[in-house]
Amino acid sequence: MSTVSADIFNSPPIADLKPDDELGKYGIWLLITTEAFLFITLFFSYFYLANRTSRWQVEIPPPITLVLILLGILVLSSIVLHFFGEMQVKKEKYGGARAGIAATIVLGLLFLGLEGFGFSQSWLNITPATDSYGSIFYVIQFFHAAHVLAGLLMLIYVLFLPLGPTQRTPYRPLHTAALYWHFVDVVWVFVVFFLFILPHLD
Amino acid sequence: MSAAVQQRLTEMWESPHTVRGWFATVDHKALGKRYLVSAFIFLLIGGVEALIMRLQLSRANEALITPEMYDQLFTMHGMTMIYWYAAPVLSGFSIYFVPLLIGARDLAYPRLNAFTFWTLVLSFVLLYISPFAGQAPHAGWFAHAPYTETQYSPGYGMDVFAMSLILLTISTTGGAINLIVSILRLRAPGMSISKMPIYLYSTLTMSFLVVISMPALTVACVFLELDRRYYTHFFTVARGGNPILWQQLFWFFGHPWVYIVFLPATGMISMLIPVFCRRPIVGYPYVVLSTLLTGITGFGVWVHHMFSIGMSQMTMSFFSAASMTISIFTSIQVFAWVATIWKGRPILTASMQWALGFIALLVIGGLNGLVTAVVPVDWQLHETYFVLAHLHYVLIGANVFPVFAGLYYWLPKITGRMMNEAIGKWSFWVSFIGFNVGFFPQHLLGIAGMPRRIYTFPSGLGLDSLNMTSTIGAFVFGIGILISIVNFFNSLRYGVLAGKDPWKADTLEWATDSPPAAYEVVRIPTVISRCPLWDDYDENYDPRNERILDQGRLTLATTWLDATPLAISRLPDDSLAPLWLALALFVFFGAIIIHWLWVALAAIVIGLACACFWVWPKPTKGLA
């Protein structure tokens, strides 16, 4: 019956195949996709409410200095995580990588601390309970902060993970967490642009 | 050698038969069965709610239940059926059969699979706590604002609506991600993207719809809960909010959801019609493309649920045209099925009869849907029983009927025993007649002007006899479904043993034992055609014994396009962590409802600890 030989698939012998270390990567990409749509929905709500409400027309644009500093912190954290975290693991310098991850975590905490300080400074007395603008303005930022926290927890988890070459996936968990961290940073770019810069351009 | 290998594989893949083993199992077969059983329990609960409503509406001025109870009943009925039955029952089939169809030993993330099952059940529990805690949700399954705000809906009903749905979106999204990665990564060598069974395409499309559309529901529910208990103003007009925002968000999720509960069912039909017609499906590429295009176009039609809110001519034209476009893709599939039957030699098994009933009802449900896609007609029929008839024709016709076709087709694989064919045919005819007697009059009721969601009606408006007919039909339909359930329990005891391939079918799941062994396949099969069991090629040909993979819980990863072997995936073993995480989330959402924020925080912290246990790598040796 089986006249067709097994190497019609033109592939290396199964015994030579490496362990699959990329399943996590696909999962995190799909998680990022669904979370990206979460933020797209939030931004849609922002513009939908803005377009249909007269109240927003008279508002003064929100202060921009602090969020630009925060943007700088996040960009820096992504750079640190990539060059001093992932690249170090690829070079099998695990001690250095751990320091890089720790530095990223410190930067993330600094971001959350400064953002919290920003929330505590009252701006035109606008709070989530003031009107629909206050609601969507702060809820988008809270959502983002929650995702920063999630990214931080992933990095803390990786920090305590054995990263050595004896482990079967030397840098995959780090790569997975890093992808998510970069995603969170990209979202902040959009938050800054839509919520803070655009009102100034009007 | 073979017996020793099987013994070793069994030890590796079988969950222990203990209480802990039952709760900790990550086996997709056990979880798939539990999904199916849970979904059928939800179906029966939702069905009883429907029958109570039909009794209330059987006569004019009937006073069986109060108006408040009626509101809660139709809401719980809609939510139970649409969220907790229609999608989970299809997920049950996918979770059980996708690994078998692709020749893998489990899904890509077995523990995630356990987690999504437990969150599904717990979200249902969260929803059904509400009637016992004073008030169930009462604003319909779509819950349009501002009626859902605290001002009009005090009590915890709508909070339960929002929180149980968020928990469900977590479950559904997790399940969808699991299916996508499994289908794209774990297919048997040779099962290139052009040789996948159509069911895998429809499951894949459905999963992408879930990943993209679910966040809109999550956001809408978060807004609702914040508005209700945490002082924001998303939907309060007085403070710049906009109730239409709810409709936009909800229906952006809601219409893709219709295809989420419909597309996998068409995939099942595309699997079993060729088997019972003894020939491959006609127009495979067209069926696949129309499945994908239905999914894509499904994102461009949500506004047709809102034609009556007032919008520009341009908007209405666009969404009306997009809605009609969908019918073209569905027609292509219908014609492919009809052509397959035409060209083949159909055998009228019970399963095939349910499938034919599905085609008939889908055509009716599609045509009356086309009617409501025409804007002026929609204005006339909006909020009447006509829409109710349409949605039941598509949801029951295109979900319940194919599900029963699938059950009669696949249950022999799951239980190892055949269902009784004669009882199955009785069940079909009673259900089919009952369904049409029950729901066809509702078209006429709608045209006569009977509005939806009213708890009673005065006599003398010409609605009496049609309503009575509808109630009688609903009960007959219920009896038809019960006959199949009796048939199922009967088959467990007295059914004829099925053997590997009772239908002489073509796809890989029929190459396994019935029920499949814990490890499913001794060798990961290879595939060279779309109908692997109908060709001359031996899927198990493996002279060097290299595809046994018995050094751990292993399966084969392949490339997503050509399915050439790529790597060896190690799958995790049983764990209680998914269950604990699901329980923590349940407590979290429950605590949010009753404002116990410290409990919510504690639940999140505990949940995170569980998540760490879940993913913490085990020290491995050997291949690994």
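**Exercise 1.** Which residue just after helix 14 of chain B takes a positive phi?

*Solution.* Keep in mind that this is a predicted model. Step past the end of helix 14 of chain B and you meet Gly416(B), whose phi is about 85°. Now go back into the helix, which covers residues 385-415: at Tyr409(B) there is a kink of about 45°. The proline Pro412(B) follows shortly after that kink.

**Exercise 2.** Work out why helix 14 of chain B is described as largely enclosed by the rest of the structure.

*Solution.* Start with the length of the helix, 31 residues. Next, count the buried ones, of which there are 28. The helix is therefore largely enclosed by the rest of the structure.

**Exercise 3.** Find Val261(B) and decide whether this residue is buried or exposed.

*Solution.* First, locate the residue: the loop between helix 8 and helix 9 of chain B holds Val261(B). Second, count C-beta neighbours inside 10 Å, which gives 23. A residue is buried at 20 or more, so Val261(B) counts as buried. Third, look for partners beyond four places away in sequence: Val261(B) touches Ala86(B), Ala87(B), Leu90(B), Leu395(B) and Asn399(B). Finally, compare sequence with space: Pro88(B) is 173 residues away along the chain, yet the C-alpha to C-alpha distance to Val261(B) is 8.8 Å.

**Exercise 4.** Describe the side of chain B that touches chain A.

*Solution.* Begin with the totals: 49 residues of chain B contact 42 residues of chain A. Then ask which element contributes most: helix 7 of chain B has the largest share, eight residues. Last, sort the chain B residues by character, giving 28 nonpolar, 13 polar and eight charged.

Note on methods
Residues numbered from 1 in each chain as written. Chains lettered and ligands numbered in written order. Predicted model: local features only at pLDDT ≥ 70, side-chain atom pairs only at ≥ 80, totals over all residues. Contact = placed C-beta atoms within 7 Å. Helix = DSSP H or I, 4+ residues; strand = E, 2+ residues; numbered from the N terminus. Nonpolar A, V, L, I, M, F, W, Y, C, P; charged D, E, K, R; others polar. Buried ≥ 20, exposed ≤ 12 C-beta atoms within 10 Å, placed from the backbone. Bend = angle between axes of the 7 residues up to and from the residue.
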